Amino acid sequence: MKTFLYILHSQQLNRFYTGITTLEVEERLENHLAKKYSPLNYTQKANDWEVFFHLVCEDYSQARKIENHIKRMKSHKYIQNLKLYPDISIKLLKKYQSF
C-alpha cells in the first residue's frame with residue numbers, strides 16, 4: 001500500500017509537524033486544517049499548516065522508520081535540507097528499504 005511521509009510547516013508557530021499517511025498528502029492536510037483529529041494532536045495549535053515536504057514510501061514500515069529517523073534528528077536545518085537536497089531522501093529510502 002502506498003504510504004507517504006509528510007512534513008507540514010506552520011509559519012505562525014515556526015514549527016514543523018512530521019507524520020505518515022496512506023491518504024493523499026493534500027487530503028491529510030485538509031483533515032488537519034479541519035481539525036478532524038484528536039484535540040491533543042499538535043496540529044490543533046495552528047490554522048496555517050502547509051505541506052513543506054513529502055516522500056512516497058514503499059510501505060507503512062518504511063515510512064515509520066524514516067519518520068522516526070527525522071524526529072530523532074530534532075533539527076529544523078535537517079528538515080530544510082530534505083527539501084533542498086533530494087539525495088538525502090534517496091539515501092533514506094535506500095537505508096530503510098523493506099526486504
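This is a guided tour of a predicted model, arranged as a series of selections to make in the viewer.

**First stop: strand S1 and the loop after it**

Begin with strand S1, residues 3–10, and select His9 within it. With a relative accessible area of 14%, His9 is buried, because buried means under 20%. To see what surrounds His9, set aside the neighbours within four places in sequence and display Asn14, Arg15, Phe16, Asp48, Trp49, Glu50 and Phe52, which are in contact with His9.

From that group, select Asn14, which is found in the loop between S1 and S2. Asn14 is partly exposed, with a relative accessible area of 47%. The backbone also merits inspection here: phi of Asn14 is near 50 degrees, a positive value in a residue other than glycine. Most residues other than glycine have a negative phi.

**Second stop: the largest pocket**

Next, select Arg15, Phe16, Thr18, Tyr42, Ile70, Lys71, Lys74, Ser75, His76 and Ile79; these residues line the largest pocket. The volume of this pocket is about 250 Å³. Strand S2 (15–21), H2 and H3 are the elements that give two or more residues to its lining. Which of the elements supplies the largest share of the lining? It is S2, with three residues. Colouring the lining of the largest pocket by class will show four nonpolar, three polar and three charged residues.

Among the lining residues, centre the view on Lys74, which lies in the loop between H2 and H3. Is Lys74 buried or exposed? At 75% relative accessibility, Lys74 counts as exposed, since the cut-off for exposed is over 50%. Like Asn14, with its positive phi, Lys74 is not a glycine and has a positive phi, of about 45 degrees.

**Third stop: helices H2 and H3**

Now show the helices on either side of that loop: H2, residues 60–73, and H3, residues 76–84. Two packed helices are described by the angle between their axes and the distance between the axes. For H2 and H3, the angle is about 130 degrees and the axes are 7 Å apart. The two helices are therefore oblique to each other. Display the side chains of His69, Ile70 and Met73 on H2, together with Tyr78, Ile79 and Leu82 on H3, as these residues make the contact. By class, the contact of H2 with H3 has five nonpolar residues, one polar residue and no charged residues. Ile70 and Ile79, which take part in this contact, also belong to the lining of the largest pocket.

**Fourth stop: helices H3 and H4**

Keep H3 in view and add helix H4, residues 86–95. H3 and H4 pack with their axes 5 Å apart, at an angle of about 100 degrees. That angle makes H3 roughly perpendicular to H4. On H3, select Tyr78, Asn81, Leu82 and Leu84; on H4, select Pro86, Ile88, Ser89 and Leu92, which complete the contact. The contact of H3 with H4 comprises six nonpolar and two polar residues, with no charged residues. Tyr78 and Leu82 are present in this contact and also in that of H2 with H3.

**Last stop: Asn81**

Finish on Asn81 in helix H3. Asn81 counts as buried, at 18% relative accessibility. To relate Asn81 to the N-terminal part of the tour, draw a C-alpha to C-alpha distance from Asn81 to Gln12: the two residues are 69 apart in sequence and 21 Å apart in space.

How values were computed
Residues numbered from 1 in each chain as written. Predicted model: local features only at pLDDT ≥ 70, side-chain atom pairs only at ≥ 80, totals over all residues. Heavy atoms only, no water. Axes fitted to C-alpha atoms, helices over the stretch in contact; angles between N-to-C directions. Helix = DSSP H or I, 4+ residues; strand = E, 2+ residues; numbered from the N terminus. Parallel < 35°, antiparallel > 145°, perpendicular 65-115°, else oblique. Contact = heavy atoms within 4.5 Å. Nonpolar A, V, L, I, M, F, W, Y, C, P; charged D, E, K, R; others polar. 1 Å grid on protein atoms, 1.4 Å probe; cavity = no way out; pocket = protein on both sides within 12 Å on 5 of 7 lines; lining within 4 Å. Points joined across faces, edges and corners; volume = space filled by probe spheres on them. Buried < 20%, exposed > 50% of the residue type's maximum accessible area, 1.4 Å probe, protein only.
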